[in-house]
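Open the structure in your viewer and keep the selection panel at hand. The stops below say what to select next and what is found there.

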Amino acid sequence: FPFPYTPYRIQEQFMEALYGALEAGRVGIFESPTGTGKSLSLICGALSWLRDWEEKRRQEEARLLALGASGKDGLTPQQARPGSADTAEEPDWVTAFVQKKEERDMVDRLKEEQIRRKKRDDHLEKIRHNVQLKYAAKRKRCEEDEAKRLLQLSKEALSQGAGDGVLDQLDHNEEELILAEYESDDEKKVVSGVEEDDDDLEEEHVTKIYYCSRTHSQLSQFVREVQKSPFGKDTRLVSLGSRQNLCVNEEVRRLGALQLINDRCMEMQKNKHEKKSNEENEGKKRRVSRTVCPFYSYEQMQFLRDEVLVEVKDIEQLVSLGRETKACPYYGSRFAIPAAQLVVLPYQMLLHEPTRNAAGIKLKDQVVIIDEAHNLIDTITCIHSAEVSGSQLCCAHSQLSQYMERYRKSLKAKNLMYIKQILYLLERFVAMLGGNVNQNPGCQAVSQTGTVLTSINDFLFQSQIDNINLFKVQRYCEKSLISRKLFGFVEQYGGPASAVKTNKENQKLAGLQNFLLTLQQGSDKEGTPQSPPVEAEHDHLRTASPLMQIEGFLSALTNANQDGRVILNRQGTVGQSSLKFLLLNPAVHFAKVVEECRAVIIAGGTMQPVADFREQLLCCAGVDPARVVEFSCGHVIPPENILPIILCSGPSNQQLEFTYQTRDLPQMMDETGRILCNLCNVIPGGVVCFFPSYEYEKQVYGHWEKTGLLSRLAAKKKIFQEPKKANQVEQVLVEYAKCIKRCSQTGGQMTGALLLSVVGGKMSEGINFSDDLGRCVIMVGMPYPNIKSPELQEKMTWLDKTMPRAAGQAPSRVLTENLCMKAVNQSIGRAIRHQKDFASILLLDHRYARPAIFNKLPQWIRERTQVKSAFGSAFAELRK
């Protein structure tokens, strides 16, 4: 395996196992602790396999083409024609003729493919070596811009003279709000403008590797590793991301919310395609020009595609290239998928089928690597669950009925039928929450509060919508883009701008505005609703149309009855209540991936406990157990570089057991404080302390403040708390690191910093506490999930019904333990980041010593763990 330096032995083992799994088309669960160079092993192992595979295919093709050229029968009858045993009754000459034809076709196809591939490779090679080509495209673009600007100026000069045409235009503006005529299932395929001018797009998808991870920063890190690897120069890699990350049109980016960005983008493209057909009518009526995205230019995007394939770029580089060349990185990168060898993308894009199809990702016979996969089950569950609130339902109903009133005359019968069906659905949903659509949801109190769980079918019957074909309604929403039209409609008439045009229709619409205002003030019934400042109102209207969320909920209801549940959550008022769809069986959505792909690798730093991947994900998805391989390797650090301790009692012999009942006792919080005080006296640099929840962390912090313990701690280490807002995390970490560096340089009283974090929070994943940033990681208690949550209870019941009991334990019990230990393993693995790193790990709770729990620690930590019943001996070890 080519490698940038001499690999560790475990990296070699990892790559060999990976190569074997890809070659044999297996489903692999790979565990390699953080800090052991997992990304590099994945890159070098997988790309070595890909290179060999391409080489083998080339040789095979050359052999067949040579045979084809010499006119010999290249293939044995069995190869050429599977199932030729059945053809015994046909005369030999027929069989021979068919076989010949199939061989000829195959040779022709191979020839075509070769020509196409050669063309592409030559093209990319040319770009690689020809700097002039690069700048020609840029220059052309600047000239076009200049011409456009002059044209615009001359138009403006003209229009200042002609003021009377303006009124005429306002009404045409509405044309785009009206739904086009809808043809149901046998809808003709519309050719979008792009496909017309180019046949290149039907490019074959070469065998490739799809690499997914959780966050954009993890993906960027991975791309940088590829750039540094021996494959960095000649791998065709493309990074995919959401429009939020890749859009370069400032006006669209400013919208902030992903849903809105997606919408505006689609709308601009539609305008582009419509423009072509509108130009014919130009003479009859002067059309108002609609916004078209200047970055959605086909030539420029092809240029961007080539640039991306020639040289490995991460998302940031892709965006700046897009700005520079005035080409859309979001679409440009998609054009690059067929020819790419490595496609780097976030989870959601790969695991959610509609998104996958929209992005043009084809999984047939490809390789998928899912990294950071310890949360894979939860991720799939989250992607496919959906929630809508009472106020969203009422708001959508109000908007949609006003929309229908206004455009009733222009809408075709089919459209009206579907709109009425959607209105009926909304009405029934609100009734299920105990409310009435026509009253303000903020003012309707709910009589029986609480949470009710039903199966999908029961929900459909109880809400009396079992006679409506949800599949058809869902398809209608997708095809007619109704939520987008509705959003445009509310923007035009619901906003403060509408005060200017006071014609008759708008007086009808004043109702909508008032309604939206009352929604916004929600349930604070302080006297009369005062009208808020205009900006606030406008902001409120800028949030995505509520119908979109509801579409997500409708499509969730089309899951099979046994795979999900509907949760009716009735709180205080109808507006605050909600309907939630919960997916119980993530395997149904993962099955497609495993079936289509040649091989799937699920990798992570800590995959322990592995059982739930095998049982809940792979077995349920119908994967043959023989196809599953597991690989787990140790750590690269020497044993003496890590000291994991399970501590059973504190300095004053208080037994450590942080259950829901005991953790709030003052003596437990005092004991935790004493342990920290002692540790901070002897541990240099940074100490990271994980609490099971934000609430508990806050409670303990408050208690320490009262008892004066906090000031004693603060004398030794500066104290930082994990922020709740994601955008403040970076700043806290920077301060934390600065403080540790300062203390190590100046010496003196302060020895570093203490960071109070939360399990499963912002700090427990994807952030590295290497070297002095984490000399000790402390785990307070066991972060069991909240068993009272209806979602978890339902999942537990479902598991007990569908899964076999393992080793005498109920599956539901195993689930809560696994969730707890996954979270623990994620958090404590953060401290050791490379071969020379060292740290101590402290688990505060005697329950960690129980065999069932103890065995779920990662192997490399488990092997070195000491169980200490008294604080004294533990402290002595730590001191050493």
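At roughly what angle do the axes of helix H17 (residues 376-383) and helix H27 (residues 611-619) cross? Select both helices in this predicted model: their axes come within 10 Å, and the crossing angle is roughly 35°. Showing the side chains brings up the residues that make the contact, which are Leu376, Ile377 and Ile380 on the H17 side and Asp612, Phe613, Gln616 and Leu617 on the H27 side. By character, the residues of this contact comprise five nonpolar, one polar and one charged.

Now select Phe590, which, with neighbours within four places in sequence left aside, is in contact with Leu351, Ile370, Leu376, Ile380, Val600, Ile602, Leu617 and Leu618. Leu376, Ile380 and Leu617 have already appeared in the contact of H17 with H27, and Phe590 touches each of them.

Widen the view to the largest nonpolar core, which has 70 residues. Phe590 is among those with the most contacts inside this core, together with Tyr210, Leu345, Ile370, Leu376, Ile602 and Leu618. Colour helix H12 (residues 298-310) as well, since with six residues it gives the most to this core. A second core, separate from the largest one, has 50 residues and includes Met432, Val490, Leu554 and Val574. In soluble globular proteins, nonpolar side chains tend to be buried together.

Met432 leads to helix H19 (residues 413-432), where Met432 is one of the buried residues. The 20 residues of H19 reach 29 Å from the first C-alpha to the last, close to the 28 Å expected at 1.5 Å a residue. Other buried positions in H19 include Leu416, Tyr418, Ile419, Ile422 and Phe429, and also Asn415 and Arg428. Just after H19, select Gly434, which takes a positive phi of about 90°.

Go next to helix H29 (residues 694-707), whose end C-alpha atoms are 20 Å apart, in agreement with the 20 Å that its 14 residues should span at 1.5 Å a residue. Its buried residues are Tyr694, Tyr696, Glu697, Val700, Tyr701, His703 and Trp704. Display the elements against which these buried residues pack: helix H28 (666-682), helix H30 (709-716) and the strands S13 (685-691), S14 (717-721), S15 (752-758) and S16 (776-780). H29 is followed by Gly708, whose phi is positive, near 85°.

Within the range of H28 (666-682), pick out Cys680, a buried residue with a relative accessible area of 1%. Why is Cys680 not bonded to Cys677? The closest cysteine sulfur to that of Cys680 is in Cys677, but the two are 6.9 Å apart, so they are too far for a bond. Cys44, worth a separate selection, is also buried, with a relative accessible area of 0%. A search of the whole structure finds zero disulfides.

The last residue to select is Ser840, in strand S17 (residues 839-844). Is Ser840 buried or exposed? Its relative accessibility is 7%, so Ser840 counts as buried. Not counting residues up to four places away in sequence, Ser840 touches Leu643, Arg775, Cys776, Val777 and Leu878.

Finally, zoom out to the protein chain, which has 36 helices and 18 strands. Of its 880 residues, 51% count as buried. Among contacts between residues at least 6 apart in sequence, 81% join residues at least 24 apart.

How values were computed
Residues numbered from 1 in each chain as written. Predicted model: local features only at pLDDT ≥ 70, side-chain atom pairs only at ≥ 80, totals over all residues. Heavy atoms only, no water. Helix = DSSP H or I, 4+ residues; strand = E, 2+ residues; numbered from the N terminus. Buried < 20%, exposed > 50% of the residue type's maximum accessible area, 1.4 Å probe, protein only. Contact = heavy atoms within 4.5 Å. Expected span 1.5 Å × (residues − 1). Core = buried A, V, L, I, M, F, W, Y, C linked by side-chain atoms within 4.5 Å. Axes fitted to C-alpha atoms, helices over the stretch in contact; angles between N-to-C directions. Nonpolar A, V, L, I, M, F, W, Y, C, P; charged D, E, K, R; others polar. Disulfide = S-S within 2.5 Å.
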